[in-house]
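Subject: Structure for you to look at

Hello,

Here is the structure I said I would pass on. Please open it and keep it beside you while you read the notes below.

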Amino acid sequence: MPMDKLVAEVLAGNRRALARLLTQVENERPEVLPRLTALFPHTGRAHIIGITGAPGTGKSSLVNALAKRLRAQQQTVAIIAVDPTSPFSGGAILGDRIRMVELAGDAGVFIRSMATRGSLGGLARATRDMVRVLDAAGFDVVLVETVGAGQNEVDIARTAQTTLVVEAPGLGDEVQAIKAGILEIADILVVNKADRPGALQTVRSLKMMVETGHPAARERFAAHHGRLLPVPALPAGDEVSLWQPPVLQTVATENTGLDDLLAAIAQHRQFWHSGSRVTQLQERYIEIELYERLQQALMQRFVQALPPELVSATLQQIRARRLDPQSAIEQLLNQVETHGYPSSR
Ligand SMILES: Nc1nc2c(ncn2[C@@H]2O[C@H](COP(=O)(O)OP(=O)(O)O)[C@@H](O)[C@H]2O)c(=O)[nH]1
Ligand SMILES: [Mg+2]
């Protein structure tokens with residue numbers, strides 16, 4: 001099969017082609033599937049770094065500062081900023097505007113932002129595919145900025161090899177972080193705005209949290225599986241649990257603490273690439289992704305196979321308490337299993 005022109009252009013480093021393909025991915029266009037298929041063998045090279053945290057903690061500023069440092073090391077950098085919420089803070093917009101001005105015109109940097117999608121699931125899927133496209137396009141590092149908003153950044157963290165969780169002093173973020181389970185996805189904790197009062201206090205409480213029981217990686221994965229299908233967790237005592245997230249301080253706007261942060265990122269990457277860990281992690285991510293996509297595909301086909309009047313009749317019966325939801329599911333499953341799926345394709 002001859003190679004698709006757009007795919008060939010993306011692989012050749014054409015930025016306009018890249019932007020076009022990313023738009024198709026973002027809109028989940030059907031013509032994108034064969035293109036992602038063609039690009040997949042070219043993925044797996046980039047270091048994917050997730051940056052997440054509450055609005056206003058300085059994620060965009062930090063991404064800026066990191067990108068500049070990485071460029072100074074001759075690394076090419078792609079940035080995706082994912083915002084699942086509406087534009088709510090002037091800070092966010094300002095940070096992004098500064099970034100545009102500072103990094104614009106550098107051919108080694110590619111910036112893309114993605115706004116709200118219909119669903120968080122769709123957002124995570126689109127992000128994962130966009131990261132893959134950027135990886136295939138040959139960027140050394142892909143930085144993915146997401147607003148900490150619950151399940152969303154957990155899903156997106158699975159796309160990243162290294163996840164930075166950004167906190168700022170005085171926002172009560174430590175408490176929020178535990179609530180959202182955000183600490184559980186952190187490979188590196190960054191207390192940004194370290195020039196602000198209360199920074200040391202935030203560092204201390206985060207350190208205490210990490211020391212008094214950072215959940216082992218194996219538990220994080222088990223939790224992800226909890227809402228999917230039972231997939232075996234990593235064996236007990238696995239070396240995966242040995243990484244302890246460091247707590248670092250930065251002042252993104254003054255480029256302070258960036259050397260330590262980059263060193264920690266490199267260390268984390270080193271950690272995964274020693275022994276068989278990186279293979280284990282990637283196999284696990286691929287497994288999770290497969291089940292997620294399977295779940296979505298099956299659900300879509302199943303719903304298409306159901307006559308709408310059957311669905312409304314079933315709902316009616318449940319509302320009237322003549323049928324319980326479990327039995328309703330049995331009936332619907334039987335219906336599709338008996339009559340089959342519509343001749344799809
Ligand atoms: N004092 C101080 N302000 C910062 C620092 N980092 C970012 N800011 C400011 O905080 C605001 C929000 O930053 P931004 O990067 O947009 O945060 P985001 O919403 O997490 O992406 C902006 O006004 C930044 O200039 C820092 O280290 N110290
Ligand atoms: Mg931002």
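In the predicted model, Leu164 of strand β5 stands opposite Ile188 in β6. Helices (H or I, at least four residues) and strands (E, at least two) are DSSP runs, numbered from the N terminus. Strand β5 and strand β6 (residues 188–191) pair in the parallel sense over 4 bridges; two strands count as paired if DSSP finds at least two bridges between them.

Strand β1 (residues 47–53) is also joined to β5, by 5 bridges, and these two run parallel. Gly50 stands opposite Thr163 in β5, and Thr52 has Val165 of β5 as its bridge partner. As background, strands of a sheet pair through backbone hydrogen bonds, either parallel or antiparallel.

Is β5 buried or exposed? Strand β5 (residues 162–167) has 6 of its 6 residues buried, so it is largely enclosed by the rest of the structure. A residue is buried if 20 or more other C-beta atoms lie within 10 Å of its own, exposed if 12 or fewer, and partly exposed in between, with C-beta atoms placed from the backbone. Thr162, Leu164 and Val166 point one way from β5, Thr163, Val165 and Glu167 point the other way, and all are buried.

The wider sheet is open and has 7 strands in the order β3-β2-β4-β1-β5-β6-β7, with parallel pairing. At its edges stand β3 (109–114) and β7 (247–249), each with a single partner strand, so one side of each has no neighbour in the sheet. From one strand to the next, the twist averages 20°.

Two helices can be placed against this sheet. Helix α9 (residues 199–211) lies across β5, β6 and β7, at about 165° to β7. Helix α11 (residues 258–273) lies across β1, β5, β6 and β7, at about 170° to β6. Axes are lines fitted to C-alpha atoms, for helices over the stretch in contact, and angles run from 0 to 180 degrees between N-to-C directions.

For the protein chain as a whole, there are 14 helices and 7 strands. Buried residues make up 35% of its 345 residues. Among contacts (C-beta atoms, placed from the backbone, within 7 Å) between residues at least 6 apart in sequence, 77% join residues at least 24 apart.

Residues are numbered from 1 along each chain as its sequence is written, while chains are lettered from A and ligands numbered from 1 in the order in which they are written. Since the model is predicted, local features need pLDDT of at least 70 and side-chain atom pairs count only at pLDDT 80 or more, whereas totals for chains, interfaces and linings use all residues.

Regards
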